[in-house]
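Subject: Structure handover

Dear colleague,

Here is the structure I said I would pass on. My notes follow below it.

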Amino acid sequence: MSAATTRSRTPDRLCAEAVDLARAAAEEAAAPGVVGEHVGLVAEGDRVVTHYFACMELGYRGWRWAVTVARASRAKIVTVDEAALLPGPDAVLAPEWVPWSERLRPGDMGPGDLLPTDAEDLRLEPGWSGEDEPPPNSVVSEQMAALAEAEDAEVTGGSPAEQAVTPPRGTIAAVADELGLRRARVLSRYGLHTAADRWEEAFGPKTPMAQAAPAACVSCGFLLRIGGSLGQAFGVCANEFSPADGRVVSLAYGCGGHSEAAVMPKPPQPAAPVIDETRVDPFPLRPTADAGSVPVAEDVASADLGHS
């Protein structure tokens, strides 16, 4: 441990008494009439003291003018190091800056706003587009034909009623269970139309949000499909930042939170620093006597400062 760290932090007497000098420095740096009373001092080191003055300026409640004074070894004259306006323990400060991606909350998005998604967003994963596969009504692909031949799959001709054992999934009751029809009553055509009208009025293509959207929900990765006949025109939104989160939306609806509307670009990598190794900058170890600001001859006026 060095000797400087073991010394006492007791304020230097001459620096602690230089309140008027510190106030004059604070008034010179501040506007007239905003430097208040002396509220304390702190020993920053050997012969270094910081004086604090209350700030009377509006909008800076709890702030203090800090003026640091010091003196050289064996000197009797105290000089000013710096003066600054610093926050105190009870100062009113601006909140800590938070990135926009962490400040965003559900419901903040409005018409015309665009929320880009990260290319590696944990809420999304690659989907299946089916571009490389044959359509459903095409001939079975060669891979499936080879698989069926390898497994010795056999197709029994005729309808399920003509077969000896009816498959469980081929019965009317099984189909009714899958479609959710085994209930006392179900929605009529009129009920379906009225529900579709309500949903389309709230989250349909004619809303201001959909009119300003970059794309429709039908191509959004946050859309959850629903079953039944209404699934051909509606789905459920699963984007927490969308105003339609958890709501039934029209496939023609849209908002700025579309998964493929805009992908957040990666931050650019700074270029490697270019170092010129062919040029040499001279740094003399022993500069000439007249190169500095201190005169060669002894200055009698600075003898009181204690310099040798």
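A residue is called buried here when its relative accessible area is under 20%, exposed when that area is over 50%, and partly exposed in between. Please keep in mind throughout that this is a predicted model.

Overall content

The protein chain has eight helices and nine strands. It is 308 residues long, and 23% of these count as buried. Taking contacts in the protein chain between residues at least 6 apart in sequence, 54% join residues at least 24 apart.

The cavity

Rolling a probe the size of a water molecule over the atoms shows where empty space is left. A search of the whole structure gave one cavity of 30 Å³ or more. The volume of the largest cavity is about 90 Å³. Three cysteines of its lining are Cys 217, Cys 220 and Cys 237, and Cys 255 also belongs to the lining. The other lining residues are Phe 222, Leu 223, Asn 239, Ser 242, Gly 254, Gly 257 and His 258. Sorted by class, the lining has six nonpolar and five polar residues, and no charged ones.

Asn 239

Asn 239 is one of the residues that line the largest cavity. Its place in the chain is the loop between strand E7 (234-237) and strand E8 (248-250). Is Asn 239 buried or exposed? Its relative accessibility is 2%, and the limit for buried is under 20%, so Asn 239 counts as buried. A polar atom of the Asn 239 side chain lies 3.0 Å from the backbone oxygen of Gly 257. Gly 257 is also in the lining of the largest cavity. Leaving out residues up to four places away in sequence, Asn 239 touches Arg 123, Phe 222, Asp 245 and Gly 257. Of these, Phe 222 is another lining residue.

Salt bridges

How many salt bridges are there? The count comes to two. In one of them the side chains of Asp 12 and Arg 71 meet, at 2.9 Å from N to O. This pair links distant parts of the chain, 59 residues apart: Asp 12 is in the loop between helix H1 (3-6) and helix H2 (13-16), while Arg 71 is in the loop between strand E3 (63-70) and strand E4 (79-87). Asp 12 counts as buried because its relative accessibility is 15%.

The side chains of Glu 17 and Arg 13 also meet in a salt bridge, at 3.6 Å from N to O. Glu 17 has a relative accessibility of 55% and therefore counts as exposed. Arg 13 is exposed as well, with a relative accessible area of 56%.

Backbone angles

Most residues other than glycine have a negative phi. Two arginines should be looked at with that in mind. Phi of Arg 47 is positive, near 60 degrees. Arg 47 is in the loop between strand E1 (35-45) and strand E2 (48-55), and at 28% relative accessibility it counts as partly exposed. Phi of Arg 74 is also positive, near 65 degrees. Arg 74 is found in the loop between E3 and E4, and it counts as exposed because its relative accessibility is 63%. The loop between strand E3 (63-70) and strand E4 (79-87) is also where Arg 71 of the salt bridge with Asp 12 is placed.

Regards

Conventions: Residues numbered from 1 in each chain as written. Predicted model: local features only at pLDDT ≥ 70, side-chain atom pairs only at ≥ 80, totals over all residues. Heavy atoms only, no water. 1 Å grid on protein atoms, 1.4 Å probe; cavity = no way out; pocket = protein on both sides within 12 Å on 5 of 7 lines; lining within 4 Å. Points joined across faces, edges and corners; volume = space filled by probe spheres on them. Nonpolar A, V, L, I, M, F, W, Y, C, P; charged D, E, K, R; others polar. Helix = DSSP H or I, 4+ residues; strand = E, 2+ residues; numbered from the N terminus. Buried < 20%, exposed > 50% of the residue type's maximum accessible area, 1.4 Å probe, protein only. Polar contact = N/O pair within 3.5 Å; in protein donor to acceptor, adjacent residues only side chain to side chain. Contact = heavy atoms within 4.5 Å. Salt bridge = Lys/Arg side-chain N within 4 Å of Asp/Glu carboxyl O.
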